[in-house]
Amino acid sequence: MNIQKTMARVAGVGFAATAALGLFSTGAANADTFVALPGGQLTQTLSDGTVVTVKLVGESANINPSLGSTPLHRNAWVSGSAQVELSGTNGSVGGKIVPGYVVGCQVNVSGGGASGGGEAGAAFADGAPSAKGNVGGNLTLGPGQSKAFYLLDQEAADDFGSEAHYVRNKFQGSSGSVTWADETINLNGCGGYAQARAFVAVQVETDNIITAVTLWGQPFSIG
């Protein structure tokens with residue numbers, strides 16, 4: 001199977017990440033399983049009175065238990081949309097959105113997972129992504145391991161004109177979003193059950209404060 005990634009483009013305050021999939025045929029034993037996920041919503045009032053609402057909507061996963069025809073390989077394509085709304089402040093507002101997933105092998109990720117779960121949502125700095133999370137969902141995990149990865153990889157010049165990569169979408173004003181479709185989770189090396197869970201980390205910036213909040217999606221099995 002050939003998987004061809006398309007370049008993501010920023011339009012206004014929204015960001016869309018897409019992947020174009022080549023055609024393939026599957027037998028009955030390898031049939032894909034579509035899972036509609038509930039997403040989630042988090043509303044929090046910050047210390048300066050700003051109300052931030054983070055939503056994860058339209059979330060789904062299309063799971064192939066063994067694209068490589070081995071028990072150590074799993075493949076899934078995930079879709080969803082992260083939406084942020086700010087209210088309750090009259091000053092300048094904006095922020096950054098960092099979407100991603102935590103994947104675990106024989107470990108329950110309902111608490112965010114071990115080794116790189118919650119920390120991955122803290123990669124808001126302008127510059128190279130944090131080493132605590134990969135960009136893209138090509139992962140190799142053994143039993144008891146989990147790892148986070150980011151969905152975004154924006155290439156742009158930094159303040160000095162050098163090439164930099166960013167795992168966040170910046171927005172100005174009272175709303176922002178990131179939408180992704182058929183982003184790949186490609187897991188190798190896991191001989192037992194595997195789970196994944198989406199996260200949406202948001203840094204809110206107002207005239208008075210800079211605060212981060214994280215919304216977690218529902219864990220789901222990837223075989």
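## A quick tour: one disulfide, two cores and an aromatic trio

Search the whole structure and you'll find one disulfide. It pairs Cys-105 with Cys-190. Keep in mind that this is a predicted model. Here's a look at that bond, the glycine beside Cys-190 in the loop, the aromatic rings and the nonpolar cores.

**The disulfide**

- The sulfur atoms of Cys-105 and Cys-190 sit 2.1 Å apart.
- A disulfide, by the way, is a covalent bond between the sulfur atoms of two cysteines.
- This one is right-handed, because the torsion about the S-S bond of Cys-105 and Cys-190 is about 90 degrees.
- Distant parts of the chain get linked here: Cys-105 belongs to strand 8, Cys-190 to the loop between strand 15 and strand 16, and the two are 85 residues apart.
- Cys-105 is buried, at a relative accessible area of 0%, and Cys-190 is buried too, with 0% relative accessibility.

**Gly-191 in the loop**

- Gly-191 is found in the loop between strand 15 and strand 16.
- Is Gly-191 buried or exposed? Its relative accessibility is 52%, and exposed means over 50%, so Gly-191 counts as exposed.
- Beyond its sequence neighbours within four places, Gly-191 touches Pro-71, Leu-72, Arg-74, Cys-105 and Gln-106.
- Take Gln-106: it's 85 residues from Gly-191 in sequence, yet their C-alpha atoms are 8.5 Å apart in space.

**Aromatic rings**

- There are three aromatic pairs in the count.
- Tyr-101 and Phe-149 make a stacked pair, with 5.9 Å from centre to centre and 20 degrees between the planes.
- Tyr-101 is in strand 8 and Phe-149 in strand 11 (residues 145–150), so their pairing ties together parts 48 residues apart in sequence.
- Both rings belong to buried residues: Tyr-101 has 0% relative accessibility and Phe-149 has 2%.
- Add Trp-180 to Tyr-101 and Phe-149, and you have one aromatic cluster.

**The nonpolar cores**

- The largest nonpolar core holds 39 residues, and Tyr-101, Val-103, Ile-185, Phe-220 and Ile-222 are the ones touching the most other members.
- Strands giving at least two residues each to this core include strand 6 (51–64), strand 7 (73–87), strand 8 (94–105) and strand 15 (175–188).
- Which strand supplies the largest share of this core? That's strand 16, with six residues.
- Val-103 has a long contact list once neighbours within four places in sequence are set aside; among its partners are Leu-139, Leu-141, Phe-149, Ile-185 and Ile-222.
- There's also a second, separate core of nine residues, including Val-98, Val-109, Tyr-150 and Ala-201.

How values were computed. Residues are numbered from 1 along each chain as its sequence is written. This is a predicted model: local features need pLDDT of at least 70, side-chain atom pairs count only at pLDDT 80 or more; totals for chains, interfaces and linings use all residues. Side-chain values use heavy atoms; hydrogens and water are left out. A nonpolar core is a set of buried Ala, Val, Leu, Ile, Met, Phe, Trp, Tyr and Cys residues joined through side-chain atoms within 4.5 Å. Buried means under 20% relative accessible area, exposed over 50%, partly exposed in between (1.4 Å probe, protein chains only). Helices (H or I, at least four residues) and strands (E, at least two) are DSSP runs, numbered from the N terminus. Contact means heavy atoms within 4.5 Å. Rings of Phe, Tyr and Trp (its six-membered ring) pair if their centres lie within 6.5 Å; planes under 30 degrees apart count as stacked, over 60 as edge-to-face and the rest as tilted. A disulfide is a pair of cysteine sulfur atoms within 2.5 Å.
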